[in-house]
Amino acid sequence: MIGLGRFGSHLAESLAALGREVLAIDRDAQQVQKWSSMIDQVTQADATDEEVLRQLGLSDVQRVVVAIGASVEASVLTVLALVELGIPQIWARATSGQHAKILSSVGAHRVLFPEAETGERLAHLIISRTLDFV
Ligand code: ATP
């Protein structure tokens, strides 16, 4: 998991609760400290640096989720570094249609829109619950 903001930290915590081994990376020391007791391995690093990712052993990881949202530059450079490392499954979060296009064109295998996907799921849930009471 790269980026322990609200989305990345909840996803990493849920995967850990489901018994998966999670390696999380964030450049912010406060985030690293906050999550270190809940997630197996949390490391402070700049994920745009391919060599740093290699040293952290990411070349052997099967799937990486890039949960950085606000900085398109950091998100795209991180995906590029992961492509260079040959990660088989790179899933990356986008915050706009343009961001999504760039992520796909640099090699992300799947683009995520957590806010839009959650909104859509909730709309279906609300409608199904509403019908239950009609
Ligand atoms: P959320 O909505 O999930 O809370 P956000 O949009 O508020 O996220 P972002 O700027 O997307 O915040 O950053 C999410 C996390 O990614 C932050 O904890 C930030 O420190 C981390 N992050 C940003 N750039 C990098 C980077 N180059 N390397 C590692 N971590 C990074």
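**The ligand and its surroundings**

Reader: Where does the ligand sit, and how many residues surround it?


Author: Happy to start there, and keep in mind that this is a predicted model. The ligand sits in the second largest pocket. Among the residues around the ligand, the closest are R6, F7, D26, G69 and R93. The number surrounding it is 18.

Reader: What classes of residue make up the shell around the ligand?

Author: The shell is a mixture of classes. It has 6 charged and 5 polar residues, and the nonpolar ones number 7.

Reader: Which side chain has an N or O atom 2.9 Å from an oxygen atom of the ligand?

Author: Let's set the backbone aside to find it. A polar backbone atom of A47 is 2.9 Å from a nitrogen atom of the ligand, and one of A70 is 2.9 Å from an oxygen atom of the ligand. The contact through a side chain, to a ligand oxygen at 2.9 Å, belongs to R93.

Reader: How much of the ligand's accessible area does the protein cover?

Author: On its own, the ligand has 630 Å² of accessible area. The part of this covered by the protein is 83%.

Reader: Which residue lies over the face of W91?

Author: The structure holds 0 aromatic pairs, but the ring of W91 does have a partner over its face. At 4.7 Å from the ring centre lies R110.

Definitions and conventions:
Residues numbered from 1 in each chain as written. Predicted model: local features only at pLDDT ≥ 70, side-chain atom pairs only at ≥ 80, totals over all residues. Heavy atoms only, no water. Near = heavy atom within 4 Å. Polar contact = N/O pair within 3.5 Å; in protein donor to acceptor, adjacent residues only side chain to side chain. Areas by Shrake-Rupley, 256 points an atom, 1.4 Å probe, with all protein chains shown as cover. 1 Å grid on protein atoms, 1.4 Å probe; cavity = no way out; pocket = protein on both sides within 12 Å on 5 of 7 lines; lining within 4 Å. Sits in = over half its atoms within 2 Å of the grid points. Nonpolar A, V, L, I, M, F, W, Y, C, P; charged D, E, K, R; others polar. Phe/Tyr/Trp six-rings, centres within 6.5 Å; stacked < 30°, edge-to-face > 60°. Lys NZ or Arg CZ within 6 Å of the ring centre and 35° of its normal.
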